[in-house]
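This report describes how the chains and a nucleic acid strand meet in one assembly. The sequence and structure are shown first.

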There are 2 protein chains.
Amino acid sequence: MSEISFRVGELAARAGVTVRALHHYEAVGLLRPSRTDAGHRRYGAAEVERLQQITSLRALGLSLEQVRDALDAPDFDPAGTVERQRAALDAEAARLGALADRLDGLGRLLRQRARSGAPITPDTFLALTHAMTAIETHYTPEQLQRLADRREALGDDAIRAVEAEWPRLFEAVGAEMDAGTDPADPAVQKLVDRWDELVGMFTGGDPGLRQSLGTAVEADRAGTSQLMGLDPDRMRALFAYAQRARDARAA
Amino acid sequence: MSEISFRVGELAARAGVTVRALHHYEAVGLLRPSRTDAGHRRYGAAEVERLQQITSLRALGLSLEQVRDALDAPDFDPAGTVERQRAALDAEAARLGALADRLDGLGRLLRQRARSGAPITPDTFLALTHAMTAIETHYTPEQLQRLADRREALGDDAIRAVEAEWPRLFEAVGAEMDAGTDPADPAVQKLVDRWDELVGMFTGGDPGLRQSLGTAVEADRAGTSQLMGLDPDRMRALFAYAQRARDARAA
DNA sequence: CCTTGCGCCTCACGCGGCGTGAGGTCCGTA
DNA sequence: TACGGACCTCACGCCGCGTGAGGCGCAAGG
């Protein structure tokens, strides 16, 4: 009967944990080795097995307290624990997913800037970031999802084409505005029609989305203008001019 | 010039953070409001804007230190930061995914037990958990992936059918063994053929997978026998008997 | 004037799961 | 017996605040 018996360092090496972790497990009452006369820890077969169980349960993402419950509580509920753990994990995954969406969106904006040759200073970065979070507060999650769906449906190439067209469109409308052209003029009407068409490509004709887009732009004029590479005042003027054109058409 | 100026509580409510968080941001040097004569914090327009930037950046998953860098370091690299953050997030997602796989696998085993009417005691739960982690240490990640792929290819119904067949097969082989039937006997051969066929359904005929399966079973006899609902000694005997049958066939 | 009540202030500990020293003791081998 | 390595016990650090405790400031009502 050769009783197996490990010292901390040995057990730690075999089990793939640190000596400090074993100390900690003992401190929180999870794993209590016996001691030699000199006070050195000795881990017997029972402790080795218990440590294996501890590491296995930790690998499921359980906290040390949950592990203790699983090992010591007589009324422990395996299936329920697994289920709850799985639910918590789903919640965490959703959180990470939202974070990933934000990062990807920001990444897209940054690459778009880089492609168009605009410099990416810390300031523009902050403006873009702020605009993104502002947008989130103005759209419902379903609306955001719908916008993402539209983007996917359109495809990258189409999106880039639209992104490339926006500045030219703004410039053209601005030129008419500066020239004092009547908003009812057919040339202006054509430009504004195209404007609405481009917007429609993203909203998919959803009036709720258009409405939210409007309030978002309203609420964060500075951020939006940064997004579009325009001066805030000029942006306001452009938007007002376009609106007069739409009113003229409706009349 | 009505200078805007908020008190902590007001700003906290508007920005959707806690007063304590604002205190903390000041303590770590992120956001420094001015003070009234009585020592109360006053947040002006600049501080309000900075707080918005802080919350936006935090929403990207940046640490407070990273936020400070983004806001104060002159050589801050937006694109690189976004990219690194995204990479860190991917790593975290992978970790969660592995955890989810373990939990799902364990959940499957538990449900399978429940269906077969076996009671799920804390002990069986621990045995199953341990067997799972043991399996992970004996298979390479690619092998685990391949096993998961095979499971998916087979479909839930087929898997349940196999799971239901195993115990019957063991029982049948056990009966022959107890009866002292020669391993070379056609009846035994037929059973063992079926046995190997079932194993083959999961390994997909991959010899590496079979090899690893063998070592895993070897290394964790207690856990494996629990998994199969057999006594460890009987399991060993059954396996030895089946092996003799295979040897007889080969000869 | 004083009281009432809310909001503000400053410590300071707590959480989870250990990492990382610092300073001292024990063990096995040459 | 001397040495190096393994062991021991504190005890603080991390991250982002939450959560009191104990004490002022400020505006309105009595």
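In this predicted model, 19 residues lie around DNA strand D, and A:R7, A:G9, A:R41, B:R20 and B:S63 come nearest to the strand. Both chains give helices to this surface: α1 (8-15) and α2 (19-27) of chain A, together with α2 (19-27) and α4 (64-72) of chain B, each supply two or more residues. By class, the surface near DNA strand D comprises five nonpolar, eight polar and six charged residues.

The two protein chains also meet each other. On chain B, 32 residues are in contact with 32 residues of chain A. Helices α3 (45-58), α5 (78-115) and α6 (122-138) of chain B each contribute at least two residues to the side that touches chain A. The largest share, 16 residues, is supplied by α5(B). This side of chain B has 20 nonpolar, nine polar and three charged residues.

One helix pair between the chains can be followed in detail. The axes of α6 (residues 122-138) of chain A and α3(B) come within 9 Å and cross at roughly 75°, which makes α6(A) roughly perpendicular to α3(B). From α6(A), the contact is made by A:L126, A:T129, A:H130 and A:T133; from α3(B), the residues are B:Q52, B:Q53, B:S56 and B:L57. Two nonpolar, six polar and no charged residues make up this contact.

A second pair lies within chain B. Helices α8 (residues 156-178) and α9 (residues 186-203) of chain B have axes that come within 10 Å and cross at roughly 150°. The two helices are therefore roughly antiparallel to each other, and α8(B) passes α9(B) in a left-handed crossing. On α8(B), the contact is made by B:V162, B:E165, B:W166, B:L169, B:A172, B:V173 and B:E176, and on α9(B) by B:A187, B:V188, B:L191, B:R194, B:W195, B:L198 and B:M201. These residues divide into eleven nonpolar, no polar and three charged.

The residue classes of the four regions are set out below.

| Region | Nonpolar | Polar | Charged |
|---|---|---|---|
| Surface near DNA strand D | five nonpolar residues | eight polar residues | six charged residues |
| Side of chain B that touches chain A | 20 nonpolar residues | nine polar residues | three charged residues |
| Contact of α6(A) with α3(B) | two nonpolar residues | six polar residues | no charged residues |
| Contact of α8(B) with α9(B) | eleven nonpolar residues | no polar residues | three charged residues |

Note on methods: Residues numbered from 1 in each chain as written. Chains lettered and ligands numbered in written order. Predicted model: local features only at pLDDT ≥ 70, side-chain atom pairs only at ≥ 80, totals over all residues. Axes fitted to C-alpha atoms, helices over the stretch in contact; angles between N-to-C directions. Helix = DSSP H or I, 4+ residues; strand = E, 2+ residues; numbered from the N terminus. Parallel < 35°, antiparallel > 145°, perpendicular 65-115°, else oblique. Left-handed = near helix turned anticlockwise from the far one by under 90°. Contact = placed C-beta atoms within 7 Å. Nonpolar A, V, L, I, M, F, W, Y, C, P; charged D, E, K, R; others polar. Near = placed C-beta within 6 Å.
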